[in-house]
Amino acid sequence: MSDIEKTLKVAAMGDLHVREDNWTSYRELFGEISREADVLVLTGDLTDLGRPREAELLAQDIKACPIPIVGVLGNHDYECGAEEEVSHILRDAGMKLLDGQSVEIDGVGFVGVKGFAGGFGRRMLGSFGEPAIKQFVNETMKETLRLENAMRQVRSKRSVVILHYAPIVDTIEDEPLEIYPFLGSSRLAETIDRFKVSAIVHGHAHRGRFEGRTPAGQPVYNVAKHIEKPTGKPYAILEI
Ligand SMILES: [Fe+2]
Ligand SMILES: [Fe+2]
């Protein structure tokens, strides 16, 4: 059917870090985005300290946004241990907040999971030694399994994977080498590469490169607000 093949314009942005003090409203930017795109994807670190009050401020802008908003939480959204309340506030405002699920919008499947750290390639942290290390690695494995399960549910030919943590190193270049293992894990890319996807977006690395590819050649975009993008704006526009 021809309408299924229609290109979906997806705006993507991460790391809004909404704070109670020094609050900048995203209402105007979301308005601008809704004139340029069909869907807005938010890749986590929506709040700065995971405070419900911060989520409430963002919720006002989400409610006012005329296009669907879909996304994931980031590590900052867990800081206060109030992630359930934060999630509830954002979902109540109409955001499709994904945490190991998928949702279809206009023929495109969106799959979302926060992801976790652990490092890349042959240098990634292995499950060896103290229980704390094993627990750390297990957290990454758990996230990749949830991602895999969500990806299996996608029925549409076109799909976008939404992460907070980076699945590859290409898009975190410019960050200090010492913190690479805390910025993401290639276990995420290994899982994604078992499927064919249209795009993978992430945030978390405020410094880095906009575009990269998984080992299987699938496009990855670091859409953290701070990253320079072809649009010249804090958000990227992807045609899916
Ligand atoms: Fe961030
Ligand atoms: Fe982050």
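This passage describes a predicted model of a protein with two iron ions, beginning with the overall fold and then turning to the metal sites and to selected helices.

The protein contains seven helices and eleven strands. Its radius of gyration is 17 Å, close to the 18 Å that the globule rule gives for 240 residues, so the protein is as compact as a globular protein of that length. Along its principal axes, the C-alpha trace spans about 50 × 45 × 30 Å. Of the 240 residues, 54% count as buried, and the accessible surface of the protein comes to about 11,300 Å², of which carbon and sulfur atoms contribute 49%. When contacts with a separation of 6 or more are considered, 74% of them are accounted for by residues that lie 24 or more positions apart.

The iron ion (ligand 1) has as its protein donors D15 (OD), H17 (NE2), D45 (OD) and H206 (NE2), which lie 2.0 to 2.2 Å from the ion. The angles among these four donor atoms run from 88 to 171°, and the site is irregular. Along the chain, the donors follow the spacing D-x1-H-x27-D-x160-H. Because D15 lies in the loop between β1 (9–13) and α2 (27–36), while H206 lies in the loop between β8 (199–202) and β9 (211–213), this pair of donors ties together parts that are 191 residues apart in sequence. The two residues can also be described by their accessibility: D15 is buried, with a relative accessible area of 0%, whereas H206 is partly exposed, with a relative accessible area of 27%. The backbone of D15 has a phi near 60°, which is a positive value in a residue other than glycine.

The iron ion (ligand 2) is coordinated by D45 (OD), N75 (OD1), H164 (NE2) and H204 (ND1), at 2.1 to 2.2 Å. Here the angles among the four donor atoms are 88 to 154°, and this site, too, is irregular. The spacing of its donors along the chain is D-x29-N-x88-H-x39-H. The two iron ions are 3.5 Å apart, and D45 coordinates both. D45 is located in the loop between β2 (39–43) and α3 (52–64), and H164 in the loop between β7 (158–162) and α6 (180–183), so that this pair ties together parts lying 119 residues apart in sequence. Both of these donors are shielded: D45 is buried, with a relative accessible area of 1%, and H164 counts as buried at 0% relative accessibility. A further donor, H204, is found in the loop between β8 and β9, and counts as buried at 12% relative accessibility. Although H204 is not a glycine, its phi is positive, at about 75°.

H204 also takes part in contacts beyond the metal site. Residue F182, which is found in helix α6, touches A117, Y165 and H204, when residues up to four places away in sequence are not counted. F182 is exposed, with a relative accessible area of 51%. The C-alpha atoms of F182 and Q60, residues 122 places apart along the chain, are separated by 32 Å.

Two helices illustrate how buried residues are arranged and covered. In helix α4 (residues 83–92), the buried residues are V86, S87, I89 and L90. Seen down the axis of α4, these buried residues fall within an arc of 165°, so they line one face of the helix. An α-helix has 3.6 residues a turn, so residues three or four places apart point the same way. The face of α4 turned away from the buried side carries the exposed residues E84, H88 and D92. The buried residues of α4 pack against α3 and β4 (96–97). The helix is followed by G94, whose phi is positive, near 110°.

In helix α2, the buried residues are L29, F30, G31, I33 and S34. The elements that cover these residues include β1, β2, α3 and β3 (69–72). Helix α3 thus appears in the surroundings of both helices, since the buried residues of α4 also pack against α3.

Technical notes
Residues are numbered from 1 along each chain as its sequence is written. Chains are lettered from A and ligands numbered from 1 in the order in which they are written. This is a predicted model: local features need pLDDT of at least 70, side-chain atom pairs count only at pLDDT 80 or more; totals for chains, interfaces and linings use all residues. Side-chain values use heavy atoms; hydrogens and water are left out. Donors are N, O and S atoms within 2.8 Å of the metal (3.2 Å for Na, K and Ca); water is not among the atoms, so sites may look incomplete. Four donors count as tetrahedral if all angles lie between 85 and 135 degrees; four count as square planar and six as octahedral if opposite donors are over 155 degrees apart and all others between 65 and 115; anything else is irregular. Helices (H or I, at least four residues) and strands (E, at least two) are DSSP runs, numbered from the N terminus. Buried means under 20% relative accessible area, exposed over 50%, partly exposed in between (1.4 Å probe, protein chains only). Contact means heavy atoms within 4.5 Å. The arc is that of the directions from the helix axis to the C-beta atoms. The radius of gyration is taken over C-alpha atoms; the globule rule is 2.2 Å times the number of residues to the power 0.38. Accessible areas come from the Shrake-Rupley method with a 1.4 Å probe; for residues, only the protein chains shown count as cover.
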